[in-house]
Amino acid sequence: MLRVMKFGGTSVAGAARLQAVADRTEEALREGRVALVVSAMAGETDRLLGGLAAAIEGRDDGTAEAFAARHRDECVLLEGALGAARTEAMRASLQPVFDEVAAHLAGVKLLRACPAETHAAVASAGERACALVLAAILEARGLACTALDPRRVLPCEGDPLEAQADVAAAKERVRAWRDSGGALALMPGFYGGDASGRIVLLGRGGSDLSAALLAAALEADALDIWTDVAGVFTADPRWVPEALRLDALSYDEAMELAHFGAKVLHPRTLAPVRIPGIPVRVRHTFAPADPGTRIVREAPPAPHLARGLTLLRDVSFLTLTGPGMPGVPGVAARAFGALAARRVNVVLITQASSECTLSICVRSADAPAAVASLAAEFRAEVLAQLVEPVERLDGLAVLSLVGDGMRARPGVAAALFGALGDLGCNVVAIAQGSSERSISAVVTESDGLRALPGVHARFFDTLLRVDVHLAGLGLVGRQWLAQLERSRARWRERGVELRLCSVATSKRWATDARGLAPDAADDALAAGGAWSVDALLAQVRERRPAVGVFVDCTSSDELADRYGDLVEAGLHVVAASKRLNSGPLPRYRALREKLQRHRRRFQYETNVGAGLPVIGPLHDLLAGGDEVLRVEGVLSGTLSFVYGLLEEGVPLTEAVRRAREAGFTEPDPRVDLSGLDVARKALVLARELGAPFELEDVALESALPAGCGTDGTLEEWWDRLPEFEGAVAATVEAHRAEGRVLRFVAVVEPSGCRVGPVAVDRSHPLAAVRGGENAISITSAAYSPRPLVVRGYGAGAEVTAAGVLADVLRIATGGRS
């Protein structure tokens, strides 16, 4: 068994971590031979490059001294383990590297220029120094280690800063150690050697490539990449905390992920090991028991629609277009040739089928050179007005979905672009390779970062965050907060995180993008600011959450007027209030049009039955193609309670008083007894059936006896009420004698609506409804002559709040609207 093990900068960042590297090495040696490749200690390459930049400007920023001091400090920390003699020998071996860095930086400062050979020598000093320190640690443990000098064993040619290695030649250079049977070898990463033996770089991220080249040259059995993460994930965990570690993926998938921004591997790393089929494993240096991620020729099928999701940031989009492009051979070849001459790497290309437009994505740092090269190449065509000047868009990112199995799964592209649409992301361009291994969308960088968690949740079934904004802290609003607090953990286990991002009353507003504690809303409000819908809209437009829901537990008609603005900003709306659905018909229709246009949902189950499901069953019937002929309902808990007592012979005044004491009525019972609230509910039902009614189209008869009225003060009304008790009792008794009972009923038919006291036969489904119960009876083509009946206690803040929370969860989980 011959294993190549590469340790990255964070894995070797200091004495303790280098000792851990030695531990991993000893463990691997128990299974066979090992060849180590190490990066520079974390931060040192950037330090050295910064020193070069300062020197070119004629400045000495202290890089040489800081570089030497960092390594001397680590030597001090290692002295206890190595002993004085070995530590002194290690210092002596490092001194030539320190001197070389200092001399090169001084020369660059003097000349204010940096030859490529000098750049390569300085940039690689961190790897060389780290290898010397690790060699001393291994020697102190009695591990005989052969030093492999990349200048000799990795022959390269081409650009000294982006050299290409010759694997075939490297095989001959490492043959001596491979055939010797030596147990352990150590090589610094990041560089090789040219024909003259001078240092040339393999490019940033080249230490991974060094390890892959060495593995291919040695014909190793395995390559382990040890880093500071647990493997390759379905997305970058920094942006998607719920990302899943992948057990395995193919070389091709890994190369696509790396090309489109995955940070674990350098894009060129896998090419040397892909052809011989050397398995690669990405391991976590600080969790060695973790299995990591295997990269092999053929990985088991992904359990999800794709293998991973990436976001490549800092991208510019260049467009070449003009009437002189269609049918002209070689336009694309000329464009790519011009870019190649300026060493500009093309991230993504897309071309219109008309051949009128060629679009290219490049890294933003390369954009000026790319625009200049294309402008020069097509200068004559621009002057002849055959091609327009190159158009450049900055601030973009490429969001890519990657997976070998996507080619056999229809609808993946539709799901991706549908998810982006749901998140309100505008797609600038799309691209898909002929292998169907990746689908890419060019979006703004801010949209890309915002969309990642939502798209990831759609494809990988991970935690879906739902940002909720609550308006109204009356009885229902407070009950809703209490139920949210109780249910959050349960829903999190089911993959949905309900995050309370703001709470508002008519005067105050508390907001926190990370989520407020529902049981601390009052404290948050006390420390909050003034509330306005516009402030909320500004926040939502800036953040554009994956799923955002506005919950209205107020009775504000002014707030209902702003539902359309909330929808346009990307929010779904849940309304306990029926103000919108029973308000002016033009406003009702305008909101429906905006909901459809912006693909948002409006949930209002509690508008009619409060906690009793009414809207849902009605939608189900209509969605199934049934024809609803008639809807009858006892839709007021107050009037259900009062009419039940009247049936028992309780006088009217006493019945109303008991209803108020039980908490059924408003402080002024005349509001409930007028029947206006039931009329609004009947209007909501009529509009669900497609009727273009306004509130004045509902025929309303008050529950108050004729002549009782609502004039005067509340006290005067209470004094007047006993005068009508006899007439009411006589009416109730007359109906009883005929085998009927009096109920306050809403009747909704396609031809019209009426609301008021109705005498129903005792066999009628509504006859038994009393004591505060609500009930609805739906007669349809399918449910006739026996109607569909829904009955139960719907009134009360607790059950209403439960209905509102259920509406939020329907949106989160894609349930019925």
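## Exercises on a six-stranded sheet

**Exercise 1. Find the residue in E29 that stands opposite Ala746.**

Solution. Ala746 faces Val755 in E29. The model is predicted. Next, look at the strands around this pair. Strand E28 covers residues 740–749, and strand E29 covers 752–761. The two run antiparallel, joined by ten bridges. Now add the helix. H28 (residues 676–688) packs on the sheet and makes an angle of about 40° with E28. Helix H28 touches E26, E27, E28, E29 and E30.

**Exercise 2. Write down the strand order of the open sheet and name the edge strands.**

Solution. Start with the order: E27-E29-E28-E26-E30-E31. The pairing is mixed. Then pick the strands that pair on one side only: E27 (698–700) and E31 (788–792). These are the edges. Finish with the twist, which averages 25° from one strand to the next.

**Exercise 3. Place helix H24 on its strands, then list its buried residues and their packing partners.**

Solution. Take the strands first. H24 (residues 615–623) lies across E26 (628–634), E30 (774–780) and E31. Its direction is about 165° to E31. Next, apply the cut-off: buried means under 20% relative accessible area. Ile615, Gly616, Pro617, Leu618, His619 and Leu621 are the buried residues of H24. They pack against helix H23 (606–609), helix H28 and the strands E26, E30 and E31.

**Exercise 4. Which residue with a positive phi follows H24?**

Solution. Go past the end of H24 to Gly625. Its phi is near 90°.

Note on methods: Residues numbered from 1 in each chain as written. Predicted model: local features only at pLDDT ≥ 70, side-chain atom pairs only at ≥ 80, totals over all residues. Heavy atoms only, no water. Pairing = 2+ DSSP bridges. Helix = DSSP H or I, 4+ residues; strand = E, 2+ residues; numbered from the N terminus. Axes fitted to C-alpha atoms, helices over the stretch in contact; angles between N-to-C directions. Contact = heavy atoms within 4.5 Å. Buried < 20%, exposed > 50% of the residue type's maximum accessible area, 1.4 Å probe, protein only.
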